[in-house]
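Got the viewer open? Let's take a walk through this one, selecting as we go.

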Amino acid sequence: MIRWLYKRVLKPILFKMDAEFVHDVFIQLGHRAGKWKLGRWLIAMAYGYRGPSVEKTVDGIRYSTPIQLAAGFDYNGKLAHVLDCVGFGGEEIGSVTARVCKGNEKPRLKRMIQSQSLVVYKGLKNDGVEAIIQRLKATVKPEGFVWGISIAKTNDAQSADKQAGIEDYCYSFRRLNEEQIGDFYTINISCPNVHGGEAFTTPEMLEPLLDALKEIPTTKPVYIKMPINLPWATFNQLLELIDSYPIQGLVIGNLNKEYAHADYPEEAPATYRGGLSGKVCRKLSTDLIRKTRETWKDRFTIIGCGGILSVSDAMEKIEAGADLLQLITGMIFEGPHLLKDISRAIGEREDGGN
Ligand SMILES: Cc1cc2nc3c(=O)[nH]c(=O)nc-3n(C[C@H](O)[C@H](O)[C@H](O)COP(=O)(O)O)c2cc1C
């Protein structure tokens, strides 16, 4: 019923409206509903997972389900008190930046309906790390729900050069650790929509960033959000560098910059205006997960992200070697019940294996 209502009634209406407007409305609705016991109960009744246990502990953190909301949806941490009711075991809040970030010029979110993808040109819009720390300190953290914080550099001319960019990342990382906000941190080196381009995805640029971050004491797992448009040899060079730092894992990965990879490239903007999420990320990210697991065995925790639009997409990522999953676009195109379906499939598989 819930599935039918979303796909046949709600989605056709929502998909006629501006994508960023719908995103903002859902954040407001979720934020308010999550403050009320009744709101939380209703959401949990509709979407909460109640099957065989899918609990998992990764890097010492216990997840009630292995599915997280990927970075970029709850960019200001306004849903951090309610996403557990939807069936998420955790989320990546952000990406947060050292200073307030207005984001790129609108329009900055567009659907490619046939391609099952979104064109994302948000440009790291967020309230800045200080405001987000204060918001999270004032938020009641749901029992067993994991808060990861994604950290990027402020998207403006001031942080565009290398040293200022590194200081920007370090400021947020230091402040979050000082305040002990967040269960894990992800360093987003691969946002394709920022001033000066995707700066920290070469070994020459990544090394000084990791050197600087290493000096900041942390007791939490740290992950790197990887780009997916690199050939394996270049991707692996980054992993060889990351291996020599106290980095526990990788989120594989970010948006796809290649419009020609979409099923219907004619739905994409005529010139580059942001990375693509959804189906167009699925194969690239899964292949990189598989190669990373084969090559690096258990060295890295792998969070599989990109194009999970069905139960089989999720299982494919787990079989390729992902320890945990993240998604956004599947929830938008298929509806939030997708999470419950994935958890059930994982639960039944594990139950059958016992
Ligand atoms: C609206 C939107 C905003 C995003 N913003 C961020 C961000 O701030 N930081 C980040 O690391 N990834 C960001 N991403 C990328 C997602 O975290 C994810 O890597 C990508 O969407 C692929 O997953 P999906 O196919 O399940 O959506 C964003 C994606 C979307 C759709």
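Before the first stop, one cut-off: a residue counts as buried if 20 or more other C-beta atoms lie within 10 Å of its own, and as exposed if 12 or fewer do. Also keep in mind that what you have on screen is a predicted model.

**Stop 1: strand β12**

Select residues 301-305, which make up strand β12. Is this strand enclosed or open? Four of its five residues are buried, so β12 is largely enclosed by the rest of the structure.

Now bring in its partners. Add residues 249-252, strand β10: β10 and β12 pair in the parallel sense over four bridges. To line the two up, find leucine 250, which sits opposite isoleucine 302 of β12. Next, show residues 324-327, strand β13, which runs parallel to β12 and is joined to β12 by three bridges. Here the pair to pick out is cysteine 305 and glutamine 326 of β13, which stand opposite each other.

Then colour helix α9, residues 311-320. Together, β12, α9 and β13 form a β-α-β unit, and the unit is right-handed.

**Stop 2: a three-stranded sheet**

Hide all that and show β5, β6 and β11. They make an open sheet in the order β5-β6-β11, with antiparallel pairing. Which strands sit at the edges? Those are β5 (109-112) and β11 (275-276), each pairing on one side only.

Zoom in on β5 and β6: the two run antiparallel, joined by four bridges. One of the residues to label is lysine 110, whose bridge partner in β6 is valine 119. Helix α2, residues 19-33, packs on this sheet and touches β5 and β6. Look at the directions of α2 and β5, and you'll find about 110° between them.

**Stop 3: the ligand**

Centre on the ligand and show the residues around it, 28 of them. Which ones come nearest? Ala70, Ala71, Gly72, Ser277 and Thr329. Colour the shell by class and you get 14 nonpolar residues, 12 polar and two charged. Among the elements to highlight are β4 (90-96), β6 (117-120) and α10 (329-334), since each of them supplies at least two residues of that shell. You've just met β6 as a member of the three-stranded sheet.

**Stop 4: two cis peptide bonds**

Most peptide bonds are trans, but here are two places to check omega. First, go to glycine 94 and serine 95: the bond joining them is cis, with omega about 10°. Serine 95 is found in strand β4, and β4 is one of the elements that contribute to the ligand shell.

For the other, select lysine 106 and proline 107, again joined by a cis peptide bond, this time with omega about -5°. Proline 107 lies in the loop between β4 and β5.

**Stop 5: two positive phi angles**

Most residues other than glycine have a negative phi. Glutamine 180 has a positive one, about 55°. You'll find glutamine 180 in the loop between α5 (162-179) and β8 (184-188). Buried or exposed, this glutamine 180? It has 12 other C-beta atoms within 10 Å, so it is exposed.

Finish at lysine 297, where phi is also positive, near 45°. This lysine 297 is in the loop between α8 (279-296) and β12, which leads back to where the tour began. Lysine 297 has 9 C-beta neighbours inside 10 Å and therefore counts as exposed, whereas four of the five residues of β12 are buried.

Definitions and conventions. Residues are numbered from 1 along each chain as its sequence is written. This is a predicted model: local features need pLDDT of at least 70, side-chain atom pairs count only at pLDDT 80 or more; totals for chains, interfaces and linings use all residues. A residue is near a molecule or strand if its C-beta atom, placed from the backbone, lies within 6 Å of it. Ala, Val, Leu, Ile, Met, Phe, Trp, Tyr, Cys and Pro count as nonpolar, Asp, Glu, Lys and Arg as charged, and the others, Gly among them, as polar. Two strands pair if DSSP finds at least two bridges between them. A crossover is right-handed if, with the strands pointing away from the viewer, the path from the first strand over the helix to the second runs clockwise. Two residues are in contact if their C-beta atoms, placed from the backbone, lie within 7 Å. Axes are lines fitted to C-alpha atoms, for helices over the stretch in contact, and angles run from 0 to 180 degrees between N-to-C directions.
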